Every structure is written in C-alpha cells, then in structure tokens.
Amino acid sequence: MAALLAGAATIALLTSPASAQPAADQADQTRKTEDTKPAPAGATLLDKILVISRTGETAIESLASASHVDQEQLDRRMATTPNEMLLGVPGVAVQADARRVSSSINIRGLQDFGRVAVIVDGARQNFQRSDHGTQSTFYVDPELIKSVDVIRGPTANTYGSGAIGGVVFFDTKDAVDFLRSGETWAGSVTGRYESNGKGWTASASGAYKFNDDLDVLGNIVYRDYGDYKNGSGDTVAGSGFDVLSGLLKTTIRPSENSELKLGWVGSSDGWTETSGGVPANDVDLKSNTFTARYNITDDAKSWLDLHINASYNKTNLDLTTLVPQNRFDPSTGLPVLLPVGSTSTFDVGTAGVDIWNTSRFETAGVAHELTYGGDWVGDDVETGGTAGGDSFYTPSGKRSVSGAYIQDKLTWDWLEVIAGLRYDNYSLEDSTHETSGDRLSPRITVGVTPFESASLAGLQFYGTYAEGYRSPSLTETLISGNHPAGVTFPFLPNPNLRPETGKTTEFGVNYKLNDLIEAGDAFRLKAGYFHNDVDDYIEGVTLSAFDPTSGCPFGPGIPICFQYQNVAQAKINGFELESVYDAGWGYAGLSASIINGHTISDEGERADLATIPSSQVTGQLGFRFLQDKLTVGGEVQYNGKPKGNPVAKDYTLVNAFASYQATDNLKVDFRADNLFDVKYTNPLNGGTTAVIYEPGITLKLAATMRFGG
C-alpha cells in the first residue's frame with residue numbers, strides 16, 4: 001500500500017503546479033458549456049452527481065454502468081423495503097424472503113459474501129448468517145435514505161475489495177437538504193397506511209442550524225406490519241414485522257474548504273420465523289452503524305481533495321425457539337431436542353477505514369484527475385447458543401481485507417482514458433485455521449466523443465476492461481459441524497479455497513440532448529453490453545461419502561457432505577439500458593436488463609447459475625399539473641423467467657402513484673403496487689425450501705406535515 005501511495009504522490013509532485021489551475025478551470029468551463037441549457041426541474045436522474053463518484057461525475061458523464069435514485073424518486077415509490085427503492089434500476093435485483101426487513105442485493109447475477117459491496121454512509125454492511133436462500137443481508141430503513149447510487153461491475157474497485165458484482169451506496173438525509181432558505185430549524189411528521197398487511201408507518205424528523213458551520217438532523221421511524229396476502233389472497237405466514245429505526249447526523253465545517261460529518265444509523269427489528277407455516281423462532285435484531293467522514297480541499301480543488309472515512313457497524317441477531325425443535329448435535333450428528341426458549345446468537349462487527357485524494361492538473365494539454373488511496377475492512381464474527389442451534393454452522397472468526405489503488409482519468413478534447421491499478425490483500429482465521437492471499441487488479445477505460453454537430457455532440461462511446469478480486473468469506477472457508485434440522489450430514493471447512501477473480505469487458509454508450517422536441521426538454525440514455533468471467537467461482541457443492549476421493553466421511557445421517565469449493569469458472573453476460581425524457585410537464589422513462597449466466601466445472605460440465613435474476617423491462621410515465629404541485633403516473637415492469645429456474649415464471653407488474661403538494665407544509669402521497677393482484681415469486685428465492693410468493697395488491701396512503709422557522 002505504501003509503495004502505491006508513494007508512487008502516486010511522486011507522479012503528482014513531478015508535474016508542474018503552475019498548470020493545475022488552468023486544467024481545472026478548463027474542465028469546469030467545458031462542463032458549463034455543455035450544460036448551458038439545464039435539464040428541466042425534477043427531470044433526469046442521469047444528470048445528478050453520484051455520491052459514490054470520486055471524481056464528481058454525474059451518471060450520464062460516467063464511463064461506467066452507473067445509476068442514481070434521488071429523493072423525489074424515493075418519495076414517489078413510498079418504499080418499505082430496499083427492493084422498492086431500487087425498482088427499475090437495470091441489472092439490480094433484491095432478494096428477500098417473507099422477512100422483508102432483511103435484504104440481499106444482486107448485481108448482474110452476483111450476490112452474497114461481499115460480491116456486491118453494500119455501503120451506508122461509507123460503512124460496509126457485511127452481516128452474514130448461513131441459511132436456506134440468501135446468505136448475506138443488510139438492514140436499512142428507506143425512510144432514512146435520501147439517495148442511492150449504483151455502479152455495476154468491477155469498475156467500482158476504488159470503493160473497496162471484493163466488489164466484483166458492483167457497489168450500492170445508500171446516502172442518508174442531511175440537515176442542509178431538510179432546511180429551507182432562511183430557516184434555522186424545521187420539523188416534519190409523516191403517517192402512512194398500507195392495506196396489505198394493515199401496515200402503519202410513523203416518521204418524525206427534526207433539524208437545527210446553529211450557524212453556517214454547524215447543523216444537526218434527527219429522524220425516527222416506527223413500522224408495524226402484519227402478515228401480507230399474495231396475489232391469490234393467501235396469507236403468507238411470518239411476513240409481519242415491527243421496526244424501530246433512527247438517524248442522527250451532524251455536519252461541522254471547520255473552515256471554508258473542509259467538512260466533517262458524524263452519523264449514527266440504527267434499528268431494532270422483530271419478526272417471527274415460520275417452519276411449515278408454523279411459528280418456530282422469535283427473532284430480535286439490533287443494528288448500529290457509526291460513521292465519520294471528513295473532506296478538505298485547497299481553494300481550487302486542484303491538488304488537495306482529501307477524504308478520510310471511518311466506520312463501525314455492529315449487527316446482533318438473536319433467535320429464541322417458540323416450540324420444541326428436533327435438531328442434530330453439531331459435533332456428533334446425534335439427535336437432540338431443543339426446548340422452548342433455546343437461543344442462537346449471531347454477532348457481526350465490521351470496522352472500516354477509507355482514505356483517498358484526488359489531484360487535478362494538466363500536462364501537455366491533457367487534463368488529469370489522479371485519484372489514489374487505500375482502504376481496510378475487518379470483520380469479527382461471534383456465534384453461539386444452545387447445542388444444535390442454527391448458529392453453529394455460521395462459524396466464528398476474524399477476517400481482514402485491505403487494499404490500495406491509483407487511478408488517473410485523462411481528458412483531451414474528444415478522448416477520455418481512465419487507467420487504474422488496485423492491490424488487494426486478505427487474511428482470515430479462527431482457532432484452528434488461517435489463510436491469506438493478495439493480487440493486483442487493473443482497469444482500463446477508453447471513451448470517445450467523436451461528433452461536433454448539435455444533435456450528436458452529446459453522444460459518447462466507451463469500452464472497459466476491469467478486474468476485481470474477492471477473498472473467501474469466513475463461512476465459505478470455515479463452515480463445519482452437522483446440518484441442524486430435517487436430516488443430518490456434515491459441513492466440511494475448506495481452508496484451501498482460492499479467491500474469486502472477476503474479469504469484465506464492457507462496451508457502452510452515453511447520450512444527452514436538450515431541446516429534443518420542444519424548448520427546455522431533455523433526453524438522456526445509457527446503454528451497454530457486458531461480459532464477466534469469474535475465475536475460481538465459489539459455490540456450495542454436495543459430496544458423496546461413497547466416493548473415496550471426495551473427502552466426505554461416513555457418519556450419522558445421509559451419506560453426503562456439503563462444502564464450498566472453487567468451480568472452474570462462472571460466465572455472465574448481458575445488456576442494460578436506462579433512459580429518460582423530461583419536458584417539465586411530464587416525463588417518460590425506460591430501463592431494461594437481460595442477464596444470462598452459467599458455471600463451467602473443471603471437467604467442462606456446464607450448469608445454469610442459480611443467482612441469475614429475471615430479465616426486466618420497466619416503463620415509467622408521469623405528468624405534472626397545477627404548477628408541478630400534482631404529479632400522477634404509473635410503472636409497468638415485465639419480468640422474464642431466468643433459464644433453468646424451476647420455480648419462476650414470467651410476470652408483469654403494474655403500479656400507479658400520485659403526489660400532491662397541497663400547501664408549502666402539507667403533502668399527500670398515494671400509491672398502488674401490483675395493481676392487478678398478480679401472484680408471483682422472486683426467482684432468487686427458487687433455491688429456498690419453500691416457494692415464497694410476493695405481496696398482492698397493496699394500496700398506500702401517506703400524509704406529511706412540515707413546519708419550520
């Protein structure tokens with residue numbers, strides 16, 4: 001890490017400082033010229049600057065598959081779950097079972113064990129619990145979020161190790177977004193009712209501005225939901241939950257060019273797990289995330305644009321049995337009876353540090369944005385409880401992942417080149433095993449804007465080759481003991497697991513045009529094709545005790561074993577599209593993603609990849625009336641069955657919404673999800689022990705009252 005950072009600093013120092021300011025001014029002036037005619041109010045999400053971007057780009061400017069969801073979109077979706085927040089984002093799917101408070105994000109067919117980096121205000125969310133279905137989950141209340149940024153593929157390797165699928169960054173609300181001009185304080189209360197599950201949400205926010213250099217925001221949310229009904233009108237047992245969530249954030253500005261954000265996001269959730277439709281476990285979950293983000297720049301943001309982030313996330317999940325349960329001892333494999341009140345505990349703590357700087361300068365007429373930095377994430381997992389409980393096949397242990405990178409974005413007239421190199425290192429251990437590894441991963445992107453005519457000046461083509469590196473997780477490496485319920489068989493650890501290496505080739509196009517049909521309108525489009533080869537892909541494999549070469553011993557129960565192993569390769573390819581047209585009085589959007597994937601074993605055997613989501617096409621249409629106080633519209637989403645999935649079927653969802661700003665301080669929102677009461681299941685839940693059907697028609701009505709002074 002030190003060598004890479006020193007090399008980056010040397011490159012910067014050897015370049016003439018005198019040329020730094022003209023390059024920065026030239027880049028800023030070019031951008032201002034291109035965007036002289038701004039997009040209409042509320043229009044293109046592709047024009048919004050990505051919070052996750054380390055060079056201050058908008059999604060339409062990014063030479064990568066990037067998407068942005070802003071506060072207006074989140075309000076319109078009246079999201080209860082992360083799945084609803086990410087509706088229509090191409091290449092992204094969210095897996096959640098009936099316990100809707102826990103979610104796992106899938107990008108381009110990759111998910112779980114850190115393949116997708118989920119980040120809340122700079123803090124990695126690495127909670128993991130071995131289970132049927134999704135393995136890695138996170139917990140964040142949509143009411144606390146102001147925007148979501150997504151970067152698909154390993155081009156996001158400056159944002160931390162392991163993200164061979166991509167990165168999803170949730171940015172929580174700030175006081176500056178809540179307070180209006182001239183206000184020193186403000187508050188709001190929101191009440192919402194949902195028909196399906198008879199769910200209630202109550203939210204209260206308050207902000208105070210002490211002076212121009214100090215403000216604070218607090219938010220508290222309570223949700224109480226019963227079991228929902230699917231599209232056939234059948235109640236889905238165990239789908240009810242109650243959540244108490246909160247946010248506290250303060251922003252301090254020590255000087256004109258520096259800013260410090262201190263934040264806490266927490267939740268206390270409860271729900272009931274079922275088995276065969278019968279309540280089995282009472283679940284209590286507490287999650288707390290603490291963050292500190294500091295940024296300091298020089299006056300021109302030329303040589304110094306330094307960011308220092310530190311975070312700690314702790315998630316504690318406790319299971320308490322509600323009925324006697326027949327299980328198997330994790331050590332002997334012999335039957336045991338867990339009495340009512342038996343417990344299992346899962347405690348996962350994740351600490352992280354992320355430091356980077358961007359220097360902007362010019363050499364020989366070429367503008368540079370040189371970004372260099374390093375990061376470290378450490379996981380500490382402790383599980384325990386009653387013998388035979390679920391926690392015993394989620395192993396305890398420690399894992400440390402660190403990295404350093406350097407990336408230069410070079411811009412000259414119609415040509416843009418991004419070249420980067422990242423170094424990753426990891427180690428993990430428990431009381432009996434220890435393993436480690438490291439690797440260098442390159443990235444090269446070339447973008448061209450070849451046309452000068454007014455209608456084609458905003459057309460840009462790019463191509464990328466990028467690699468990413470994911471170290472094995474604690475569970476994949478160290479899982480052991482016996483399957484706890486149903487039938488018994490051993491889990492075998494595999495300290496010889498090799499890390500996964502994602503190698504992605506991507507070709508894309510960005511296009512932006514103002515005044516397309518009428519003065520003041522805007523059209524934006526991003527589209528791309530990608531191909532990802534994941535070498536040494538890790539997945540669970542069933543071994544036969546009858547095969548003496550498998551290493552699977554005979555023992556109590558059925559003569560098989562389960563172990564995570566490297567298969568030779570996973571191959572995933574697809575197409576993604578995101579577009580929007582906005583004329584002020586109305587807008588239309590279209591997004592699509594088509595993903596295919598399979599694995600190839602060392603023997604050349606080909607198998608469908610179980611984590612491939614539905615292919616999707618999402619259309620959105622909205623109209624604004626009464627001087628933009630009233631917005632009405634709808635969404636239609638077609639979902640195509642993934643190849644080889646035994647559960648999924650094609651289905652189409654239709655949603656409608658309306659939002660009315662009755663006064664400056666009163667807003668009313670209405671939404672109807674799954675308007676035609678379609679019975680469907682998420683294909684990603686196809687590998688679970690029982691088919692879980694999603695909610696049928698759901699009507700939502702909310703009112704928000706605001707006050708301030």
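Which helix and strands each supply at least two residues of the lining of the largest cavity? This tour of a predicted model begins with that cavity and then proceeds to the sheets, a loop, a buried threonine and the disulfide.

**Stop 1: the largest cavity**

Select helix H4 (82-85) together with strands E2 (92-95), E33 (630-640), E34 (651-663), E35 (666-673) and E36 (698-708); each of these elements supplies at least two residues of the lining of the largest cavity. The volume of this cavity is about 730 Å³. Its lining comprises 37 residues, and the closest to the centre are Asn83, Glu84, Leu653, Tyr680 and Glu694. Colour the lining by residue class: 14 residues are nonpolar, 14 are polar and nine are charged. In the structure as a whole, the count comes to 14 cavities of 30 Å³ or more.

**Stop 2: the five-stranded open sheet**

Next, display strands E1, E6, E7, E4 and E5, which form an open sheet in the order E1-E6-E7-E4-E5 with mixed pairing. The edge strands are E1 (65-69) and E5 (123-124), each of which pairs on one side only. As a general point, strands of a sheet pair through backbone hydrogen bonds, either parallel or antiparallel. Turn to the E1 edge: five bridges join E1 to strand E6 (residues 145-152), and the two run antiparallel. To fix the register there, select Ser67 and its bridge partner in E6, Val150.

**Stop 3: strands E12, E13 and E14**

Move on to strand E12 (residues 258-275) and strand E13 (residues 278-297), an antiparallel pair joined by 18 bridges. Thr274 has Pro279 of E13 as its bridge partner. Two residues lie between the strands of this hairpin, and Gly276 takes a positive phi near 65 degrees. A backbone torsion display centred on Gly276 is a suitable view of this hairpin.

From E13, continue to strand E14 (residues 305-321): 17 bridges join the two strands, which run antiparallel. A convenient pair to label is Thr291 and its bridge partner in E14, Ser311.

**Stop 4: the loop at Gly226**

Select Gly226, found in the loop between strand E10 (214-225) and strand E11 (241-255). Is Gly226 buried or partly exposed? Its relative accessibility is 28%, so Gly226 counts as partly exposed. Now add Gly197 to the selection: the C-alpha atoms of Gly226 and Gly197 are separated by 4.4 Å, although the two residues are 29 residues apart along the chain.

**Stop 5: Thr371 in strand E18**

Proceed to Thr371, which lies in strand E18 (residues 366-385). Thr371 counts as buried because its relative accessibility is 2%, where the cut-off for burial is under 20%. With which residue does the side chain of Thr371 make a polar contact of 3.0 Å? Show side chains here: the contact joins Thr371 to Thr358.

**Stop 6: the disulfide**

The final selection is Cys552 and Cys561, which are joined by a disulfide with an S to S distance of 2.0 Å. In general, a disulfide is a covalent bond between the sulfur atoms of two cysteines. The structure holds one disulfide. What is the handedness of the disulfide of Cys552 and Cys561? The torsion about the S-S bond is about 80 degrees, so the disulfide is right-handed. Both Cys552 and Cys561 are buried; a surface representation may therefore be hidden at this stop, because buried means under 20% relative accessible area.

Key: Residues are numbered from 1 along each chain as its sequence is written. This is a predicted model: local features need pLDDT of at least 70, side-chain atom pairs count only at pLDDT 80 or more; totals for chains, interfaces and linings use all residues. Side-chain values use heavy atoms; hydrogens and water are left out. A disulfide is a pair of cysteine sulfur atoms within 2.5 Å. Buried means under 20% relative accessible area, exposed over 50%, partly exposed in between (1.4 Å probe, protein chains only). Two strands pair if DSSP finds at least two bridges between them. Helices (H or I, at least four residues) and strands (E, at least two) are DSSP runs, numbered from the N terminus. On a 1 Å grid over the protein atoms alone, a cavity is a set of points where a 1.4 Å probe fits but cannot get out, and a pocket is an open set with protein on both sides within 12 Å along at least five of seven lines; lining residues have an atom within 4 Å of a point. Grid points are joined across faces, edges and corners, and a volume is the space filled by probe spheres set on the points. Ala, Val, Leu, Ile, Met, Phe, Trp, Tyr, Cys and Pro count as nonpolar, Asp, Glu, Lys and Arg as charged, and the others, Gly among them, as polar. A polar contact is a pair of N or O atoms within 3.5 Å; within protein, one must be able to donate a hydrogen and the other to accept it, and residues adjacent in sequence count only if both atoms are side-chain atoms.
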